[in-house]
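Me: I would like to go through a protein model by way of questions, with the reasoning laid out before each answer. Could we start from the chain and then turn to single residues?

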Amino acid sequence: HVDFAEALARDARGQLRLWAEDAGEAAAIFIEELDGALGAMPPMPLAAYPDFLHAAMRGRAVRPLFGRHPRLNIWGPLEARLQHADLVVLGGLNEGTWPLEPEADPWLSRPMRAALGLAPPERRIGLAAHDFQQAVCAPRVALTRATKVDGTPTRPSRWLLRLETAIGRETTAALKSANERYIDWQQGLDRVGRGRLTPIGPPAPAPAVVHRPRALSVTQIEAWMRDPYAIYARHVLKLQPLKPIDQEPGPAERGSFIHAALEEFVHCHPEVLPPDACAELVACGRRALGALFERPAVRTFWWPRFLRIARWFVATERERRHPGIVVLGELRGVLELPGPAGPFAVSATADRIECTAGGLVIVDYKSAAPPPWKDVHAGLAPQLPVEALIAAQGGFPGVPAQPPAALQYWRLTGAEPPGEIKTDDAAGGLAMAQTRAGLLALIAAFDRPETPYHARPRPAFAPRFSDYLHLERVKEWSAWVEEEA
């Protein structure tokens, strides 16, 4: 490994850069320590080496030796204990940060640790308390903490609470108020006089109607309502997101693989299930995964869950496959609606449509939590209602034109239970009329040239994920908009 890394790190003149500067020196020390310890370890499989190396390197800090500020030093607890400064700032005084929470030992229980003569996990808290005591005895001390971390409120460290109890509420309040000027200075960096500067608000482009899209899928219809700017960026500016190189598979890839496996199985067996249905579905899943199956995380976490989904899915199919029922998967349908600027096409791909004697049942597979039915009825999750409207108008090939008898979400997680069916029987004429009226109103609104494509017009209903947040500059204007509200 070291020979290969050194070969890669040589420049055009043959000079070795791998061990250069502070990071190189830290790496050299790590490799030397690792080389001395490997003699006591048994051989390991090559596939385990990357994870082993990552675990061994985790927590290694690289601190520059030169070029730092001449009057400012950032020390750890041990360094602070051995040195002195005119002013000591103790940061991170939050519970869970300083002191750290004791970690649960997966290998040794407390009685086992005591029998082996090992210190209890709380001993580290005692050592951290000693470090705090040593640092807080400096001539001048500033005690600081973050009230929020990543937007989540934090709890003050137990040492802060005990100090406040010891010195009393009045003294604590006086100390805090005397230092509020520092917070005012920090906040003043972003505060601008209202009379001198007006911040730019959220983007709201209003292109000519001729440049606006005349066809959208049902998933894009949802974005059209929740975040119109995303539709503007994708269909007017023609900006397509690029995936990161060698991106790790995530929830989107997991959902796609489950959908692909079920689609192939249903396509091959639309009416009668085969005797070895579960084995065939598992084979479909293996083909759907393709090269992803070679990733350890996929084999370890995704695949066992899919096996449970397969067993549940086949058992559910055997209960539902009555004589005469036909199951169709991944059907694409189109509905054309009138608009002030001309016809507008709405498309949708139904994961599953069951043609039964009692009517149509439209199913949407979900590998995560499905939206609540109240959002579906309010039009905020239009997938199933739009598919129902397309089915009622005969927009799915091979499916009789009729209002569906039921709409269903099949939640497929592979957990406990592996699958769950949520049914909504309110798919009648009133729901059809509401869905159609809502689409017509949306089309008519954006067929007006003065209607802009707002960025997240209703933050409470904004989508959880978006590829265009950086173009919308949400962090730039959201604080100002909230302050004005």
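The questions and answers below deal with the chain as a whole and then with chosen residues.

Me: What radius of gyration does the chain have, set against that of a compact globule of 485 residues?

Reply: The model is a predicted one, and its C-alpha atoms fill a box of roughly 85 × 70 × 60 Å along the principal axes. A compact globule of 485 residues would come near 23 Å, whereas the radius of gyration of the chain is 31 Å.

Me: How many helices and strands make up the secondary structure of the chain, and what share of its residues count as buried?

Reply: The secondary structure comes to 19 helices and 10 strands. Among contacts between residues at least 6 apart in sequence, 67% join residues at least 24 apart. Of the 485 residues, the share that counts as buried is 32%.

Me: What part of the exposed area of the chain do carbon and sulfur atoms supply, and how far apart are the mean positions of its positive and negative charges?

Reply: The chain exposes about 30600 Å², of which carbon and sulfur atoms supply 58%. The chain carries 55 positive and 56 negative charges, and the distance between their mean positions is 3 Å.

Me: Is Arg226 buried or exposed, and which backbone oxygen lies 2.9 Å from a polar atom of its side chain?

Reply: Arg226 belongs to helix 10, which covers residues 218-226. Its relative accessible area is 14%, and because the cut-off for buried is under 20%, Arg226 counts as buried. Beyond its neighbours within four places in sequence, Arg226 is in contact with residues including Arg456, Pro457, Phe461 and Leu380. The backbone oxygen found 2.9 Å from a polar atom of the Arg226 side chain is that of Leu380.

Me: Which backbone oxygens lie 3.0 Å and 3.2 Å from the side chain of Arg321?

Reply: Arg321 sits in the loop between helix 14 (296-320) and strand 6 (326-337), and with 12% relative accessibility it counts as buried. Leaving out residues up to four places away in sequence, Arg321 touches His269, Pro270, Glu271, Val272, Leu273, Val327 and Arg352. A polar atom of its side chain lies 3.0 Å from the backbone oxygen of His269, and at 3.2 Å the side chain reaches the backbone oxygen of Glu271.

Me: Why does Pro203 count as buried, and which residues does it touch beyond those up to four places away in sequence?

Reply: Pro203 is placed in the loop between helix 9 (180-188) and strand 5 (215-217). Its relative accessible area is 13%, and because buried means under 20%, Pro203 falls in that class. Its C-alpha atom is separated by 13 Å from that of Ile231, 28 residues apart along the chain. The residues that Pro203 touches are Tyr229, Tyr453, His454, Ala455, Glu472, Arg473 and Trp477.

Me: Where is Arg448 found, and what separates its C-alpha atom from that of Ala206?

Reply: Arg448 is in the loop between helix 17 (429-446) and helix 18 (469-472), and at a relative accessible area of 41% it is partly exposed. Setting aside residues up to four places away in sequence, Arg448 touches Val209 and Arg212. Although Arg448 and Ala206 are 242 residues apart along the chain, the separation of their C-alpha atoms is 9.3 Å.

Me: Which residue does a cis peptide bond join to Trp98, and which residue follows a cis bond from Glu416?

Reply: Most peptide bonds are trans. The bond from Trp98 is cis with omega about 10° and leads to a residue in the loop between strand 1 (87-90) and helix 5 (110-115), namely Pro99. The bond from Glu416 is also cis, with omega near 0°, and it leads into the loop between strand 9 (406-412) and strand 10 (419-424), at Pro417.

Me: What phi values do Arg456 and Arg473 have?

Reply: Most residues other than glycine have a negative phi. Arg456 lies in the loop between helix 17 and helix 18, while Arg473 lies in the loop between helix 18 and helix 19 (474-484) and is partly exposed, with a relative accessible area of 26%. Neither residue is a glycine, yet phi is positive, at about 50° for Arg456 and about 55° for Arg473.

Key. Residues numbered from 1 in each chain as written. Predicted model: local features only at pLDDT ≥ 70, side-chain atom pairs only at ≥ 80, totals over all residues. Heavy atoms only, no water. Helix = DSSP H or I, 4+ residues; strand = E, 2+ residues; numbered from the N terminus. Buried < 20%, exposed > 50% of the residue type's maximum accessible area, 1.4 Å probe, protein only. Polar contact = N/O pair within 3.5 Å; in protein donor to acceptor, adjacent residues only side chain to side chain. Contact = heavy atoms within 4.5 Å. Rg over C-alpha atoms; globule rule 2.2 N^0.38 Å. Areas by Shrake-Rupley, 256 points an atom, 1.4 Å probe, with all protein chains shown as cover. Lys, Arg positive; Asp, Glu negative; His and termini not counted. Charge placed at Lys NZ, Arg CZ, Asp CG, Glu CD.
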